[in-house]
Amino acid sequence: MISNLADGVDTFTSNAFLVAGDRPTLVDTGANFDAVAAVEERGIEPERIVLTHTHPDHVGNLGALREAFDPEVLAYDPDAGDGELDDGEALAIGDHDYEVLYTPGHKDDHVCLYAPKPGICFAGDLVFERGFGRTDLPEGDRATLVESIDRLADRVGPDLRELHPGHGPSVTDDPSGTIELAGRMARQ
Ligand SMILES: [Zn+2]
């Protein structure tokens, strides 16, 4: 089960996906809302927090969550967590094995997480339901972003079932097509 702690939250925040299962994990923390209370409401304590990247809207609640639940924090940026994520690494999240895909272009430390077996992808700020991550911030680069979207599209193929972006709604209706559309839009 995947639950977005930021559902119904009306502040400047990313999504924050709490994944239940053998390895209860939070993908991104969100910002500017009480994520500890949101976790407690759901009754699932995250053992781990995995960061898609370290923009403030994705990590703002990290301090409070660390204090409350003492999770292991994993990020591509070696200075951001307790452990470093590497491209191609396998990572248990919930009940499934995810692959770490290094996908820069929006930010230098950006990763997507993909579980082939159930066909689930956490996309951070690479692609959204209708669009792609901004590239006008520091470390942003459009050509690199396009390469990363192509890489994600190649990896997930046509069989993706759930796409969970860092902002906006999750996509279950043709998520592979959503990634391809983002790639076309980012080229314009
Ligand atoms: Zn971002």
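**Close-up 1. Aromatic pairs in the predicted model.** The count of aromatic pairs comes to 3 in this predicted model. One of them joins F17 and F122. Their ring centres are 5.6 Å apart, and the planes meet at 45°. That makes the pair tilted. F17 belongs to strand 2, residues 17–19. F122 belongs to strand 10, residues 120–124. The pair therefore counts as tilted rather than stacked or edge-to-face, because stacked planes are under 30 degrees apart and edge-to-face planes over 60. With the two positions 105 residues apart, the contact links distant parts of the chain.

**Close-up 2. A salt bridge between R48 and E72.** The whole structure holds 10 salt bridges. Among them is the one formed by the side chains of R48 and E72. The N to O distance is 3.0 Å. R48 sits in strand 4, residues 48–50. E72 sits in strand 5, residues 72–75. This pair, too, links distant parts of the chain, 24 residues apart.

**Close-up 3. A patch of negative charge on the surface.** Four residues gather here: D34, E40, E41 and E45. D34 lies in a loop. That loop runs between strand 3 (25–27) and helix 1 (35–42).

**Close-up 4. The annotated domain span.** An unreviewed UniProt entry places the feature "domain: Metallo-beta-lactamase" at residues 13–167. The C-alpha atoms at the two ends of this span lie 8 Å apart. Helix makes up 23% of the span, and strand 28%.

How values were computed:
Residues are numbered from 1 along each chain as its sequence is written. This is a predicted model: local features need pLDDT of at least 70, side-chain atom pairs count only at pLDDT 80 or more; totals for chains, interfaces and linings use all residues. Side-chain values use heavy atoms; hydrogens and water are left out. Patches are made of residues with over 30% relative accessible area and no salt bridge: like charges are joined within 9 Å, nonpolar side chains (Val, Leu, Ile, Met, Phe, Trp, Tyr) within 5 Å. Accessible areas come from the Shrake-Rupley method with a 1.4 Å probe; for residues, only the protein chains shown count as cover. Lys and Arg count as positive and Asp and Glu as negative; His and the chain ends are not counted. The place of a charge is taken as NZ of Lys, CZ of Arg, CG of Asp or CD of Glu. Helices (H or I, at least four residues) and strands (E, at least two) are DSSP runs, numbered from the N terminus. UniProt positions are given in the numbering used here, feature names are shortened, and annotations may be inferred rather than shown by experiment. Rings of Phe, Tyr and Trp (its six-membered ring) pair if their centres lie within 6.5 Å; planes under 30 degrees apart count as stacked, over 60 as edge-to-face and the rest as tilted.
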